[in-house]
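Work through the exercises below with the model open. Try each task before reading its solution.

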2 protein chains.
Amino acid sequence: MQTDHLTATFSALADPTRRAILARLAAGEATVTELAEPFSISLPAISRHLKVLEAAGLISRGRDAQWRPCRIETGQLEAVEGWVGRYRKLWQARFEKMDAYLAEIQKGNPDGPKQ
Amino acid sequence: MQTDHLTATFSALADPTRRAILARLAAGEATVTELAEPFSISLPAISRHLKVLEAAGLISRGRDAQWRPCRIETGQLEAVEGWVGRYRKLWQARFEKMDAYLAEIQKGNPDGPKQ
DNA sequence: CTCGTATTTAACGAGTGTGTTATTTAACGA
DNA sequence: TCGTTAAATAACACACTCGTTAAATACGAG
């Protein structure tokens, strides 16, 4: 069991079924059977996926009679955005270079800016 | 071997060693031994981590004599940001609700806004 | 060609993740 | 209480991941 939150979160997101579950939950709360409906895998398998998502802090579960409604939690998604945001300047710099290149070409210099 | 790009990317990011390697590469290119230096694991283990990162499209590798310089690639990081960005409105809505709540409290209504 | 350095591949073991079916627990309702 | 429905857990199989050490490969220098 990994204690690192970011590791648990990325690990939980590294599964198409779990990402699809999150996408469904973005539209609103749902029960386990409702979440399982689109998939061809067994209910226990879905239950385990939900356990992983809950352990990662990506969802939380309430209780309504025998139903356990699942709700998406945004905290860890924000953490992921925060993590990837630290690299944003890398591709923004690349875009700016590309912009400069295209501007140079439009000025009639088809080889791009000189070094 | 999973073909889903997002799955491969999240899976590659679900490891603290690999994230640390990416952090190092954000500062510039590095060779395998340079990347291995901060870690207490063997060089073949690092080599495998780099293979995972490369397969996920998070890095690329050149060749300079017997050195294989690694370079970070931003495409998949942008893909991650794009994916998580689809959920941004969820926590922004929550923030807005919180703002409204705080504004209501400041107006002298300590129970918050009425439904 | 041979040696040294950088890196990868091979082979293996321990641990983990994901699926299954069968069973169990929890809660409602007649 | 009994039966039904919702969900979780148990027990098992299979594959994958991650680490190791030992051997192989790629390249440059002498």
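**Exercise 1: contacts to strand D**

Start with the backbone: a backbone N or O atom of V32(A) lies 3.3 Å from a phosphate oxygen of DNA strand D. This is a predicted model, in which local features need pLDDT of at least 70, side-chain atom pairs count only at pLDDT 80 or more, and totals for chains, interfaces and linings use all residues. Residues are numbered from 1 along each chain as its sequence is written, chains are lettered from A and ligands numbered from 1 in the order in which they are written, and side-chain values use heavy atoms, without hydrogens and water.

Task: find which side chains of chain B make polar contacts (here, N or O atoms within 3.5 Å) with DNA strand D.

Solution.
1. Go to S42(B). A polar side-chain atom there is 2.6 Å from a phosphate oxygen of strand D.
2. Go to R63(B). An N or O atom of its side chain is 3.5 Å from a sugar or linking oxygen of strand D.
3. Widen the view. Strand D has 23 residues around it (a heavy atom within 4 Å), with T33(A), S47(A), R61(A), S42(B) and H49(B) the closest.
4. Sort the DNA atoms within 4 Å of the protein: 81% belong to sugar or phosphate, the rest to bases.

**Exercise 2: contacts to strand C**

Task: locate side chains that reach phosphate oxygens of DNA strand C.

Solution.
1. In chain A, a polar side-chain atom of R18(A) is 2.9 Å from such an oxygen.
2. For the side chain of S42(A), the distance is 2.5 Å.
3. In chain B, the side chain of S47(B) has an N or O atom 2.6 Å from a phosphate oxygen.
4. Of the strand C atoms within 4 Å of the protein, 76% are sugar or phosphate.

**Exercise 3: two helices of chain B**

Task: how do the axes of α2(B), residues 16-26, and α4(B) cross?

Solution.
1. Fit lines to C-alpha atoms over the stretch in contact; angles run from 0 to 180 degrees between N-to-C directions.
2. The axes come within 10 Å and cross at roughly 75°.
3. Therefore α2(B) is roughly perpendicular to α4(B) (65 to 115 degrees).
4. List the contacts (heavy atoms within 4.5 Å): T17(B), R18(B), I21(B) and L22(B) meet residues of α4(B), including I46(B) and H49(B).

**Exercise 4: the chain interface**

Task: how much area do chain B and chain A bury between them?

Solution.
1. Buried area is the accessible area (1.4 Å probe) lost on being put together, summed over both parts.
2. The value is about 2,600 Å², 66% of it on carbon and sulfur atoms.
3. R19(B), E81(B) and W91(B) supply 22% of the area that chain B buries against chain A, more than any other three residues.

Terms used
Polar contact = N/O pair within 3.5 Å; in protein donor to acceptor, adjacent residues only side chain to side chain. Helix = DSSP H or I, 4+ residues; strand = E, 2+ residues; numbered from the N terminus. Parallel < 35°, antiparallel > 145°, perpendicular 65-115°, else oblique. Buried area = accessible area lost by both parts, 1.4 Å probe.
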